[in-house]
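User: Please pick one part of this model and walk me through it closely. I'd like to see what it sits beside and how that leads on to the parts around it.

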Amino acid sequence: MSKPRIAVVVGSIRAGRFADKPASWIADLAKARGDVEVEIVDLADYPLPLFAEARSPLWAESENEIARKWQAKLGEFDGYIFTAAEYNHAPTGVLKNALDYAGREWVRKPAGFVGYGGVGGARAVEHLRLIAVELQMAPVKAGVHIAWADMVAANEGKNLGEFDHLNQAGKALLDDVVWWGKVLKTARAADEAQAQAA
């Protein structure tokens, strides 16, 4: 079976956002493994309107063209890692909106999180774990939490890869996402083969 394909979803679209730094860092860490394919998927490239579709994309095709492009892109992957900025003890509105704009694409695929901000984005990540469960994803236990001091250092020119504690957390996150990516990809393929044989 081919390597699992993992999307690193950039979960912020603000001007001057920090999100590009953790997205690039975790993608580079993944590429160095050799057992996974990774692509950065930027929400800024998918300017979705606020979700106002008549039906959930789990049950009906989306009316919005950008939503259909977003769903098609997501369908290429076997798992996801989201950068999670913390705004007011929660994830960004744009990320929640993007999660709402897909359905079948999320089902039975792992979700991991790289949080940053207040307490390393932990509260935003916990919100996202609950959302991921409802979307039928498999959120993994390991996560990365980039504390404020690390963010300040990164904004002053330090590379996130220079922090041993972040590299250890990133490796654990990738171990979980890749393992579950392989297992669930195999299971989805078996389900599909069984459905076709029926």
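Analyst:
**A look at strand 4**

Strand 4 runs parallel to strand 6, and three bridges join the two. Before going on: this is a predicted model, where local features need pLDDT of at least 70 and side-chain atom pairs count only at pLDDT 80 or more, while totals for chains, interfaces and linings use all residues. Residues are numbered from 1 along each chain as its sequence is written, and side-chain values use heavy atoms, with hydrogens and water left out. Strands (E, at least two residues) and helices (H or I, at least four) are DSSP runs, numbered from the N terminus, and two strands pair if DSSP finds at least two bridges between them.

Back to strand 6: its His 145 stands opposite Gly 115 of strand 4. Strand 5 (residues 138-139) also pairs with strand 4 in the parallel sense, over two bridges, and here Pro 139 stands opposite Ala 111. Then there's strand 3, parallel to strand 4 over six bridges, with Phe 82 opposite Phe 113. To get from strand 3 to strand 4, the chain goes through helix 3 (residues 93-100), and this β-α-β crossover is right-handed (viewed with the strands pointing away, the path from the first strand over the helix to the second runs clockwise).

How covered is strand 4? Seven of its seven residues are buried, that is, under 20% relative accessible area with a 1.4 Å probe, protein chains only (exposed is over 50%, partly exposed in between). Side chains in a regular strand alternate between the two faces of the sheet. Here Pro 110, Gly 112, Val 114 and Tyr 116 point one way, and Ala 111, Phe 113 and Gly 115 the other.

Part of that cover involves helix 1, whose buried residues pack against strand 4, among other elements including strand 1 (5-10) and helix 6 (164-197). Those buried residues are Pro 22, Ala 23, Trp 25, Ile 26, Ala 27 and Ala 30.

Tyr 116 leads us to Glu 86, in the loop between strand 3 and helix 3. Glu 86 is in contact (heavy atoms within 4.5 Å) with Tyr 116, and also, leaving aside neighbours within four places in sequence, with residues including Gly 118, Val 119 and Arg 123. Glu 86 is itself buried, at a relative accessible area of 13%. Its side chain makes a polar contact of 2.5 Å with that of Arg 123; the term covers N or O pairs within 3.5 Å, where within protein one atom must be able to donate a hydrogen and the other to accept it, and residues adjacent in sequence count only if both atoms are side-chain atoms.
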